[in-house]
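The following note is offered to a colleague who comes to this structure without prior acquaintance. The points are numbered for ease of reference.

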Amino acid sequence: LAVRRLSLAGIGARRFALDASRTSSTTRVGTRTMAAAAPPPVPKHFALLYSYVPDILEKRGPYRAEHLRLAQESIDKSDMIIGGVLADPVDGALFLFRGEDGGEKAKAFAEGDPYVVNGLVTEW
């Protein structure tokens, strides 16, 4: 199982640092001093990586509609954020899942994906 957790803390932390550099960490309102709000917690994300058989483009036809339907269903439920083939060469795919249980969602997606079930994915 090659589900990997992504840390997006660097992106959120950098944006917060840029915002904080423009203003002080405290704000004076009238005669009161108020502390700046803490940044929101960074949500967890999980990447699911596929490695495809060398001739994936020729073999995926019978399974593609169901594969795309499952991916769209996962996006519609807000489990998957984005997914797609890695091109030039077409040798894999990347899917990004959100949430504390994103790893389980990624695993369930892969286990039900007709590309995996029918041997078009060599590793995930």
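1. Tyr 52 is buried in this predicted model, its relative accessible area being 9%. Here buried means under 20% relative accessible area, exposed means over 50%, and partly exposed covers what is in between, with a 1.4 Å probe and protein chains only. Tyr 52 pairs edge-to-face with Tyr 115, at 6.0 Å centre to centre and with 75° between the planes. Rings of Phe, Tyr and Trp (for Trp the six-membered ring) are paired if their centres lie within 6.5 Å; planes under 30 degrees apart are stacked, those over 60 are edge-to-face, and the rest are tilted. Tyr 52 belongs to strand E4 (residues 45–52) and Tyr 115 to helix H5 (residues 114–117), so the pair ties together parts that are 63 residues apart in sequence. Both Tyr 52 and Tyr 115 are buried.

2. On the basis of the model: residues are numbered from 1 along each chain as its sequence is written. As the model is predicted, local features need pLDDT of at least 70 and side-chain atom pairs count only at pLDDT 80 or more, while totals for chains, interfaces and linings use all residues; side-chain values use heavy atoms, with hydrogens and water left out.

3. How many aromatic pairs does a search of the whole structure find? The search finds five. In one of these, Tyr 50 and Tyr 52 meet edge-to-face, with 6.1 Å centre to centre and 70° between the planes. One aromatic cluster is formed by Tyr 50, Tyr 52, Phe 95, Phe 97, Phe 109 and Tyr 115.

4. Tyr 50 deserves a separate paragraph. Tyr 50 lies in strand E4 and is buried, with a relative accessible area of 3%. Between Tyr 50 and Phe 95 the C-alpha to C-alpha distance is 8.5 Å, although the two are 45 residues apart in sequence. Beyond its neighbours within four places in sequence, Tyr 50 has contacts that include His 67, Asp 91, Phe 95, Phe 109, Val 116 and Trp 124. Contact here means heavy atoms within 4.5 Å.

5. The second largest pocket holds about 170 Å³ of space. It is lined by 15 residues, of which Tyr 52, His 67, Leu 68, Gly 84 and Val 85 are the closest to its centre. Helix H3 (61–76) and strand E5 (80–86) are the elements that give two or more residues to this lining, and the largest share, five residues, comes from H3. A pocket is an open set of points on a 1 Å grid over the protein atoms alone, where a 1.4 Å probe fits, with protein on both sides within 12 Å along at least five of seven lines; lining residues have an atom within 4 Å of a point. The volume is the space filled by probe spheres set on the points, which are joined across faces, edges and corners.

6. By class, the lining of the second largest pocket comprises ten nonpolar, three polar and two charged residues. Ala, Val, Leu, Ile, Met, Phe, Trp, Tyr, Cys and Pro count as nonpolar, Asp, Glu, Lys and Arg as charged, and the others, Gly among them, as polar.

7. The loop between E5 and strand E6 (92–98) merits inspection. Asp 88 is placed in this loop, as is Pro 89. The peptide bond from Asp 88 to Pro 89 is cis, with omega near 5°. Asp 88 has a positive phi, near 55°, in a residue other than glycine, and is exposed at 77% relative accessible area.

8. Ser 78, in the loop between H3 and E5, has a positive phi of about 65° although it is not a glycine. Ser 78 counts as partly exposed, at 41% relative accessibility.

9. Lys 44 sits in the loop between strand E3 (32–35) and E4 and is partly exposed, with a relative accessible area of 26%. The C-alpha atoms of Lys 44 and Glu 100 are separated by 5.9 Å, with their positions 56 residues apart along the chain.

10. As to the whole, the protein has five helices and seven strands, in the order β-α-β-β-β-α-α-β-β-α-α-β from the N terminus on. Helices (H or I, at least four residues) and strands (E, at least two) are DSSP runs, numbered from the N terminus. Of the 124 residues, 25% count as buried. Among contacts between residues at least 6 apart in sequence, 67% join residues at least 24 apart.
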